[in-house]
Amino acid sequence: MSYDILRHATTLELDRVLEMLADEASMPDAKQAALELKPISHINEATAALHDTEEAYLLIAGHSSPSFGMGADISPALTRAEVGATLSIKELLDVASMLKTVRNVKTWRDNCAKVELAIDRFFIALAPNKYLEEKITFTIKSEDDLNDNASPVLADIRRKIATRSSKIRDDLEKIVKGQSSKYLQDAIITQRDGRFVVPVRAEHKADVKGIVHDTSSSGSTLFIEPMSVVETNNEIRVLRVKEQEEIARILAELSAETASFAHNIRYSYKALVELCVIFAKASLAFKTKAIVPKLNENGYIYFKNARHPLINYKSVVPITVTLGKEYDSLIITGPNTGGKTVTLKTVGLLTLMAMCGLMIPVDDGSEAAIFSRVFADIGDEQSIEQSLSTFSSHMVNIISILDQSDDNSLVLFDELCAGTDPVEGAALAKAILMRLNNLCVKTVATTHYPELKAYALDTERVENASCEFDVATLKPTYRLIIGQPGRSNAFAISGRLGLAEDIIDLARGQISADDMRFER
């Protein structure tokens with residue numbers, strides 16, 4: 001079975017973090033690129049990506065953020081222009097808008113402190129083209145029309161159309177205000193099919209000589225073009241055809257000129273998208289109060305006061321986690337709702353974020369490891385379609401993880417081998433952890449099995465941890481305590497909730513003296 005990074009990353013909710021990242025990007029292609037980010041398993045590449053984010057973070061801190069606009073993907077338009085197609089007015093405006101953004105972002109960087117940065121390779125790739133940008137904006141008035149002065153020919157045609165239209169209006173005004181006005185439904189001048197007409201009452205059709213172009217829905221009004229303006233209307237019709245021909249010629253000329261610059265424009269656009277993603281990473285870092293961790297390829301994790309980025313900053317309880325130095329496996333125990341799963345996800349998610357070049361919400365001095373593979377078996381994965389129970393489904397996943405793990409892997413288990421006979425489940429869980437420990441796989445597992453607490457106490461490179469629980473208030477504190485196994489506190493919790501003391505005493509009597517001593 002091949003390694004499915006997407007499935008394990010989704011289990012750890014990296015997709016939700018990437019959605020937050022996409023929200024920070026304004027360009028549609030940058031949003032998509034943010035959603036498609038994948039963890040980098042090569043230390044040099046991951047370090048470079050994180051360094052880019054750090055530089056953008058420092059630039060924003062000193063100079064605010066550049067504006068990337070809402071630039072649409074102009075690549076299809078460029079490709080069409082290169083094969084000789086005529087671009088639409090909107091496509092040309094999109095090109096001009098992108099060129100303006102390129103120029104503005106380039107100017108923004110030029111105005112920043114003159115310190116050479118690694119991300120300058122993207123700014124250098126930006127090639128402003130003010131000539132083409134201004135030619136397009138000078139020529140085009142809106143998404144529907146060109147400016148009159150887009151060319152001398154177009155200006156002359158439109159001037160002639162305006163002159164003839166004015167003449168027709170003068171002629172029709174005489175009809176509307178003269179003796180013939182009594183034959184009209186309304187004293188107005190309107191148009192049908194681009195020709196000037198007047199609304200005539202149907203019964204007076206013979207009194208207004210001309211061509212009928214339309215009839216009202218009731219049939220009581222005819223829209224007639226008086227014979228006195230037919231010739232001028234014909235001239236306008238011919239001029240309109242010439243106008244469209246000139247517009248097509250101008251757009252074709254602009255398209256050809258755009259095609260001649262297509263390579264540089266496409267190159268600039270790609271750099272712009274890259275920069276938009278990098279600055280989105282930096283912007284997200286400000287919102288999550290993140291820092292740049294030191295990276296290593298030795299499997300060493302030290303997250304100081306780590307905060308899960310999907311939990312509100314004001315309510316999340318920071319945890320400090322270490323792994324990979326004094327011990328390779330961490331066994332977390334404690335009562336339900338105590339924060340074990342959140343701790344597990346925090347370790348995995350922050351690792352993946354760092355591998356994506358994202359700053360992470362931890363305190364200074366923290367360190368993240370770059371792993372070749374990160375595995376997570378968390379949550380209820382019962383498969384109705386495959387007729388697998390929760391335990392069977394988890395076991396299929398665990399087998400896959402065991403087959404693919406090595407000493408450069410991070411493995412995260414939530415309630416390892418739960419959902420079956422406790423004696424057999426504990427034995428299986430211990431055997432799995434032993435196999436991973438022998439392979440030097442970095443492992444974090446949550447469990448309720450006391451056998452695993454004892455295993456952690458008795459085995460080198462394996463450590464216990466617990467999520468603190470306040471028995472007095474029956475509430476977890478969510479603090480992680482490394483070096484101390486957690487207690488289920490079932491008796492204390494039951495007593496606080498009102499379970500009869502004699503029942504609790506009876507239950508205590510069912511536990512062996514060795515187990516009681518171990519818990520104490």
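Trainee: What makes Lys289 count as lying over the face of Tyr313?

Mentor: Keep in mind that this is a predicted model. Lys289 is placed 5.3 Å from the ring centre of Tyr313. The cut-off is 6 Å, with the charge also within 35 degrees of the ring normal, so the lysine passes as a charge over a ring.

Trainee: And which ring does Arg109 lie over?

Mentor: That of Phe123, at 5.9 Å from the ring centre. The limit is 6 Å, so this one qualifies too.

Trainee: What else does the side chain of Arg109 do, say with Asp120?

Mentor: The two side chains share a polar contact of 2.7 Å. The N or O atoms have to be within 3.5 Å, so that value fits the term. Leaving out residues up to four places away in sequence, Asp120 touches Arg109 and Val115.

Trainee: Where is Asp120, and why is it called buried?

Mentor: Asp120 sits in helix α7. Its relative accessibility is 14%, and buried means under 20%, so the label holds.

Trainee: How many aromatic pairs are there?

Mentor: The count is 6. Take Phe68 and Phe279, which are among them: their ring centres are 5.9 Å apart and their planes meet at 50°.

Trainee: Why is that pair called tilted?

Mentor: The angle is 50°; stacked needs under 30 degrees and edge-to-face over 60, so this pair falls in the remaining class, tilted. The pair also ties together parts 211 residues apart in sequence, because Phe68 lies in the loop between α4 (43-63) and α5 (75-82) while Phe279 lies in helix α11 (residues 262-288). Both phenylalanines are buried.

Trainee: What makes the pair of Phe123 and Phe279 edge-to-face?

Mentor: The planes are 80° apart, with 6.4 Å centre to centre. The distance is within 6.5 Å and the angle is over 60 degrees, so the name follows. Phe123 is in helix α7 (residues 120-125) and Phe279 in α11, so here the parts tied together are 156 residues apart in sequence. Phe123 is buried, just like Phe279.

Trainee: Which residues do the ring pairs link into a cluster?

Mentor: Phe68, Trp108, Phe123 and Phe279.

Trainee: Let's go to the strands. Why is β4 said to be largely enclosed by the rest of the structure?

Mentor: Strand β4 (residues 195-201) has 7 residues and 6 of them are buried, so the description is fair.

Trainee: How do you know that β3 and β4 pair?

Mentor: There are 3 bridges between strand β3 (residues 190-192) and β4, running antiparallel. Pairing takes at least two bridges, so they pass. One bridge partner to look at is Phe196 of β4, which goes with Gln191. The two strands make a hairpin with 2 residues between them, and Asp193 in the turn has a positive phi of about 55°.

Trainee: And how many bridges are there between β4 and β6?

Mentor: 4 bridges, again antiparallel, join β4 to strand β6 (residues 221-226). In β6, Phe223 is the bridge partner of Pro199.

Trainee: Why would anyone bother to note a positive phi?

Mentor: Most residues other than glycine have a negative phi. Glu13 is not a glycine, and its phi is near 70°. Glu13 lies in the loop between α1 (5-11) and α2 (14-24). Cys440, also not a glycine, has a positive phi of about 60°, and its place is in the loop between α14 (422-438) and β14 (442-446).

Trainee: Buried or exposed: what are Glu13 and Cys440 called?

Mentor: Glu13 has a relative accessible area of 16%, which is under 20%, so it is buried. Cys440 is at 36%, between the 20% and 50% limits, so it counts as partly exposed.

Trainee: Last one: how do you know where confidence is lowest?

Mentor: Compare the means: helix α18 (residues 513-519) is lowest at 57, and strand β11 (residues 367-369) is highest at 98. The protein chain averages a pLDDT of 88, with 93% of the residues scoring at least 70. Over residues 381-387, pLDDT stays under 50, and the model has 9 contacts for them beyond four places in sequence. Where pLDDT is low, the predicted coordinates should not be read in detail.

Note on methods:
Residues numbered from 1 in each chain as written. Heavy atoms only, no water. Buried < 20%, exposed > 50% of the residue type's maximum accessible area, 1.4 Å probe, protein only. pLDDT = per-residue confidence, 0-100. Contact = heavy atoms within 4.5 Å. Polar contact = N/O pair within 3.5 Å; in protein donor to acceptor, adjacent residues only side chain to side chain.
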